Amino acid sequence: MTTRLADIAAQAGVSEATVSRVLNGKPGVAATTRQSVLAALDVLGYERPVRLRQRSAGLVGLITPELENPIFPALAQVIGQALTRQGYTPVLATQTPGGSTEDELTEMLVDRGVAGIIYVSGLHADTTADMQRYEQLRAQGVPFVLVDGFSPKVQAPFISPDDRAAMTLAVTHLSSLGHTRIGLALGPKRFVPVQRKIEGFLRAMQDQLGLPAETIESELIQHSLYTLEGGQAAATALMDRGCTAIVCASDMMALGAIRAARQRGLDVPKDISVVGFDDSPLIAFTDPPLTTIRKPVPAMGQAAVRTLLEEIGGTPAPHSEFVFMPELVVRGSTASAPGDRNRP
């Protein structure tokens, strides 16, 4: 027990006496200190004493797409932690091909009496989907928040990254390296984030390089799937059209683009530059480390929870979109354009 106290105290950065007070439920410990001790217990893999287990203020559903793309587990973790800190229990419901649909997962969560639901990259992002499902949910009195995707037809708070600004960051970076044939690889056109990325890309390419919109749309934009294989297919098509740099709408697609370049015997970044989108966990450790647009996951996840809890508490957040600014993270997958090696 003494060894365990010492381990927990070292991990939490407090004294063993303080750890003892927390574990025994004694008063006189600051809330932040208590939280540090509980976090240390969790990190070290110790079970919390029964008296310290938090009573749930209610369940909150979190519906995400598949978890193969690391950005979704990362967002789920931020949202889950923020809910737990506020006394709620997160219930993760994941869509998988051939598994439950968003509507089936929603029905399951509502049947279990959830206090609210957070949707990540759901049907609200699909311009061809029927938005009536969300109005029906509102009519049932279930608060909800929608992340990644906007629809003017739905009266709810939306949390989004600035996809247009993201493309400006990527194009500005690549054009400053001397690239003039910059391609964009992204998912199906029916999704709102895809449409916004195209808008941002068109504007940036016109502003930075003076290219006509028709040329950009016909030669430099390639739709595919948000997967490694999708990125590989899109990059192959863009390289066939002479692109020396490719901006991808996800890090998974960017890894596919690097694979496509290597299959042609090309070096990344000497022969072709690649930019990802998300800055998913572990993406800094790829070969080469990926230059990417960092999605503000912690800020977006915390805002989603804060907004939902305001809805649950009876003070609804404005039914508008909260837009978060991404940032460019330059690593090793981008370099000067071929034939432009004298640039700094």
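## Helix 10 and helix 11

Helix 10 (residues 228-240) packs with helix 11 (residues 251-263) at an angle of about 50°, and their axes are 6 Å apart. The two helices are therefore oblique to each other. The crossing of helix 10 past helix 11 is right-handed. This is a predicted model.

On the helix 10 side, the contact is formed by Leu228, Gly230, Gly231, Gln232, Ala235, Thr236 and Met239. They meet residues of helix 11, among them Met252, Met253, Leu255, Gly256 and Ala257. Sorted by class, this contact has nine nonpolar, six polar and one charged residues.

## Helix 5 and helix 6

Two packed helices are described by the angle between their axes and the distance between the axes. For helix 5 (residues 102-111) and helix 6 (residues 132-139), the angle is about 5° and the axes are 12 Å apart. That makes helix 5 roughly parallel to helix 6, because angles under 35 degrees count as roughly parallel.

Glu102, Asp103, Thr106 and Val110 belong to helix 5, and they meet Arg133, Tyr134 and Leu137 in helix 6. By class, the contact has three nonpolar, one polar and three charged residues.

## The parallel sheet

Strands of a sheet pair through backbone hydrogen bonds, either parallel or antiparallel. One open sheet has six strands in the order 2-1-3-4-5-11, and its pairing is parallel. Strand 2 (89-94) and strand 11 (321-324) are its edge strands, and each pairs on one side only. On average, neighbouring strands of this sheet are turned by 20° against each other, direction ignored.

Inside this order, strand 3 (residues 116-120) and strand 4 (residues 144-147) run parallel and are joined by four bridges. Ile117 has Phe144 in strand 4 as its bridge partner.

## The mixed sheet

Another open sheet of six strands follows the order 7-6-8-9-10-12, with mixed pairing. Its edges are strand 7 (221-223) and strand 12 (327-329); each has a single partner strand, so one side of each is left without a neighbour in the sheet. From one strand to the next, the twist averages 20°.

Strand 12 pairs with strand 10 (residues 291-294) in the antiparallel sense, over three bridges. Val329 in strand 12 stands opposite Thr292.

## Helices across the mixed sheet

Helix 7 (residues 163-176) lies across strand 6 (182-186), strand 8 (245-248), strand 9 (273-278), strand 10 and strand 12. Helix 7 runs at about 160° to strand 9.

Helix 8 (residues 192-209) lies across strand 6, strand 7 and strand 9. The angle of helix 8 to strand 6 is about 175°.

Key:
Residues numbered from 1 in each chain as written. Predicted model: local features only at pLDDT ≥ 70, side-chain atom pairs only at ≥ 80, totals over all residues. Heavy atoms only, no water. Axes fitted to C-alpha atoms, helices over the stretch in contact; angles between N-to-C directions. Parallel < 35°, antiparallel > 145°, perpendicular 65-115°, else oblique. Contact = heavy atoms within 4.5 Å. Nonpolar A, V, L, I, M, F, W, Y, C, P; charged D, E, K, R; others polar. Pairing = 2+ DSSP bridges. Left-handed = near helix turned anticlockwise from the far one by under 90°.
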